Amino acid sequence: LTINHSSTSTLNQTACDSYTLNGQTYNTSGVYTQTLTNGAGCDSTIMLNLTINNSTSSTITQTACDSYTLNGQTYNASGVYTQTLTNGAGCDSTITLNLTINNSTSSTITQTACDRYTLNGQTYNASGVYTQTLTNGAGCDSTITLSLAINHSTTSTLTQTACNSYTLNG
């Protein structure tokens, strides 16, 4: 006489989003039982203690000047970008970044003036190279470099004594 025995096992499992055991997929945490046939032809009962942790996703819409850095990754062009990180539950955390990059602008002005020169409300009295930083139409820096040569007016005083007439400069 041969007596075959049933078998029982307990399986403790943690998974992200879903877990598949013997072709059966589970999407929520819980205690599940599967009954199969063991090698001896008797019942094989599996008790599954399952914890399902969920992945997360988020969307960030951002406008920046020249570049934008998210989680150590720097982006220099507008576009839609995806980053996959690990969330606190150990599952995927997917971030979708909708990014608009506006650019800073720069220009150079070379100018010669007499005595003084005014640019954007700022008056300069000496030759030199000056920089102004304003905001452009996109909300980013607009840098103006002014290369300025100032020529100063001259004055002179003449003391003359003349009889009948005197002519100066023609």
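## A term to start with

A polar contact here is a pair of N or O atoms within 3.5 Å, and within protein one of them must be able to donate a hydrogen and the other to accept it. That is the kind of link the side chain of Gln-132 makes with the side chain of Tyr-124, at 3.0 Å. We'll come back to that glutamine below. Keep in mind throughout that this is a predicted model.

## The chain as a whole

Let's begin with the overall picture. The protein chain has 15 strands and zero helices. Its radius of gyration is 40 Å, well over the 15 Å that the globule rule gives for 170 residues, so the chain is more spread out than a compact globule. The box tells a similar story: along the principal axes, the C-alpha atoms fill roughly 155 × 20 × 20 Å.

What about burial and surface? Of the 170 residues, 21% count as buried. The chain exposes about 11400 Å², with carbon and sulfur atoms supplying 45% of that area. As for contacts between residues at least 6 apart in sequence, 51% of them join residues at least 24 apart.

## The E6-E10-E9 sheet

One open sheet is built from three strands in the order E6-E10-E9, with mixed pairing. E6 (56-65) and E9 (79-86) are the edge strands, each pairing on one side only. From one strand to the next, the twist averages 25°.

The mix is easy to trace. E6 and E10 (residues 92-102) run parallel and are joined by ten bridges. In that pairing Thr-56 sits opposite Ser-93 of E10, and Thr-63 has Thr-100 of E10 as its bridge partner. E9 and E10, on the other hand, run antiparallel, with eight bridges between them. There, Gln-83 has Ile-95 of E10 as its bridge partner. The hairpin of E9 and E10 has five residues between the strands, and Gly-90 in that hairpin takes a positive phi near 85°.

## Two faces of E10, and Ser-93

Which side chains of E10 point to the buried face? They are Ser-93, Ile-95, Leu-97, Leu-99 and Ile-101. The alternating set, Asp-92, Thr-94, Thr-96, Asn-98, Thr-100 and Asn-102, points to the other face and is not buried.

Ser-93 deserves a closer look. This E10 residue has a relative accessible area of 14%, and it counts as buried because that is under the 20% cut-off. The side chains of Ser-93 and Thr-56 are joined by a polar contact of 3.3 Å, and the two residues also stand opposite each other in the strand pairing. Setting aside residues up to four places away in sequence, Ser-93 touches Thr-56, and also Gln-83, Thr-84, Leu-85, Thr-86 and Asn-87.

## The E11-E15-E14 sheet

Further along the chain comes another open sheet of three strands, in the order E11-E15-E14, and its pairing is mixed too. The edge strands are E11 (105-114) and E14, each of which pairs on one side only. The twist averages 25° from one strand to the next.

E14 pairs with E15 (residues 141-151) in the antiparallel sense, over eight bridges. Within this sheet, Thr-133 stands opposite Thr-143 of E15.

## Gln-132 and Thr-135 in E14

Back to Gln-132, a residue of strand E14. Is Gln-132 buried or exposed? With a relative accessibility of 9%, Gln-132 counts as buried, because the cut-off is 20%. Besides the link to Tyr-124, the Gln-132 side chain makes a polar contact of 2.8 Å with the side chain of Asn-120. Not counting residues up to four places away in sequence, Gln-132 touches Leu-119, Asn-120, Gln-122, Tyr-124, Ser-142, Thr-143 and Ile-144.

Thr-135 is also in strand E14, which covers residues 128-135. Its relative accessible area is 59%, and it counts as exposed because that is over 50%. Leaving aside neighbours within four places in sequence, Thr-135 is in contact with Cys-140 and Ser-142. Measuring across to the other sheet's side of the story, Thr-135 and Leu-85 are 50 residues apart in sequence and 36 Å apart in space, C-alpha to C-alpha.

Definitions and conventions. Residues numbered from 1 in each chain as written. Predicted model: local features only at pLDDT ≥ 70, side-chain atom pairs only at ≥ 80, totals over all residues. Heavy atoms only, no water. Helix = DSSP H or I, 4+ residues; strand = E, 2+ residues; numbered from the N terminus. Buried < 20%, exposed > 50% of the residue type's maximum accessible area, 1.4 Å probe, protein only. Contact = heavy atoms within 4.5 Å. Pairing = 2+ DSSP bridges. Axes fitted to C-alpha atoms, helices over the stretch in contact; angles between N-to-C directions. Rg over C-alpha atoms; globule rule 2.2 N^0.38 Å. Areas by Shrake-Rupley, 256 points an atom, 1.4 Å probe, with all protein chains shown as cover.
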